[in-house]
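Work through the three exercises below with the model open. Each solution goes step by step.

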Amino acid sequence: MSVFAPDELVALARHHIDSNRLDLALEKLKLVLAGNAPEPEAIAMTARLYAQLGLPRRAQELFQHYLALHPDAPTEQFQLAMAYFNDGQAEQAQVLWEAILERDPVHPPALYFSALHQARQGKAQDARRHLDVLLQSAASSNLYAERGRELLQSLDSATQQ
């Protein structure tokens with residue numbers, strides 16, 4: 001039992017994450033998760049922390065738990081997709097990216113990673129379709145637009161060879 005209330009532990013964990021003290025952050029968050037009804041913010045924070053630590057299966061479990069409580073949370077849905085992608089489950093990630101794109105057809109990260117997956121699968125036309133939407137809808141300075149231009153150049157180079 002902690003002398004801190006759950007919201008205090010979450011605040012302390014956030015501070016530890018900002019200070020790159022991930023071990024202390026995880027310690028605080030695990031105390032919150034051990035409680036009867038952990039705050040959804042703590043669930044999402046812990047999932048992101050597990051993903052950052054390279055523990056995708058633990059991240060997936062907590063993102064799924066969070067999404068059971070908040071099914072339309074696009075950030076956590078995208079982060080779950082990334083946890084799948086980083087765990088070698090690209091097809092499962094693609095399903096989530098497509099779901100995100102159904103709700104928000106110009107979601108830059110989902111467009112980019114969906115295009116990347118399609119390109120890796122040899123589906124250059126599908127990749128180009130996503131990249132076209134990305135490059136038309138995102139600001140040119142957007143990180144995913146920049147990556148999208150690089151991926152498009154890579155696809156163009158492969159076509160020319």
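## Exercise 1: a threonine in a helix

Thr-46 is found in helix 3, which spans residues 40-52. The model is a predicted one.

Task: Is Thr-46 buried or exposed? Which residues beyond its sequence neighbours does Thr-46 contact?

Solution.
- Step 1. The relative accessibility of Thr-46 is 0%.
- Step 2. Buried means under 20%, so Thr-46 counts as buried.
- Step 3. Set aside neighbours within four places in sequence; Thr-46 is then in contact with Leu-26, Leu-29, Leu-33 and Leu-62.

## Exercise 2: a helix pair

Task: How are helix 7 and helix 8 oriented to one another?

Solution.
- Step 1. Take helix 7 as residues 108-120 and helix 8 as residues 124-137.
- Step 2. Their axes come within 8 Å and cross at roughly 155°.
- Step 3. Angles over 145 degrees count as roughly antiparallel, so helix 7 is roughly antiparallel to helix 8.
- Step 4. The crossing of helix 7 and helix 8 is left-handed.
- Step 5. List the contact: helix 7 contributes residues including Leu-111, Tyr-112 and Ala-115, and helix 8 contributes residues including His-130, Leu-131 and Leu-134.
- Step 6. Sort the contact by class: 9 nonpolar, 4 polar and 1 charged residues.

## Exercise 3: the core

Task: How many residues does the largest nonpolar core have? What does Leu-131 touch?

Solution.
- Step 1. The largest nonpolar core has 49 residues.
- Step 2. Those with the most contacts inside this core include Phe-85, Trp-97, Tyr-112, Phe-113, Leu-131 and Leu-134.
- Step 3. Leaving aside neighbours within four places in sequence, Leu-131 is in contact with Ala-115, Gly-148, Leu-151, Leu-152 and Leu-155.

Notes:
Residues numbered from 1 in each chain as written. Predicted model: local features only at pLDDT ≥ 70, side-chain atom pairs only at ≥ 80, totals over all residues. Heavy atoms only, no water. Core = buried A, V, L, I, M, F, W, Y, C linked by side-chain atoms within 4.5 Å. Buried < 20%, exposed > 50% of the residue type's maximum accessible area, 1.4 Å probe, protein only. Contact = heavy atoms within 4.5 Å. Axes fitted to C-alpha atoms, helices over the stretch in contact; angles between N-to-C directions. Helix = DSSP H or I, 4+ residues; strand = E, 2+ residues; numbered from the N terminus. Parallel < 35°, antiparallel > 145°, perpendicular 65-115°, else oblique. Left-handed = near helix turned anticlockwise from the far one by under 90°. Nonpolar A, V, L, I, M, F, W, Y, C, P; charged D, E, K, R; others polar.
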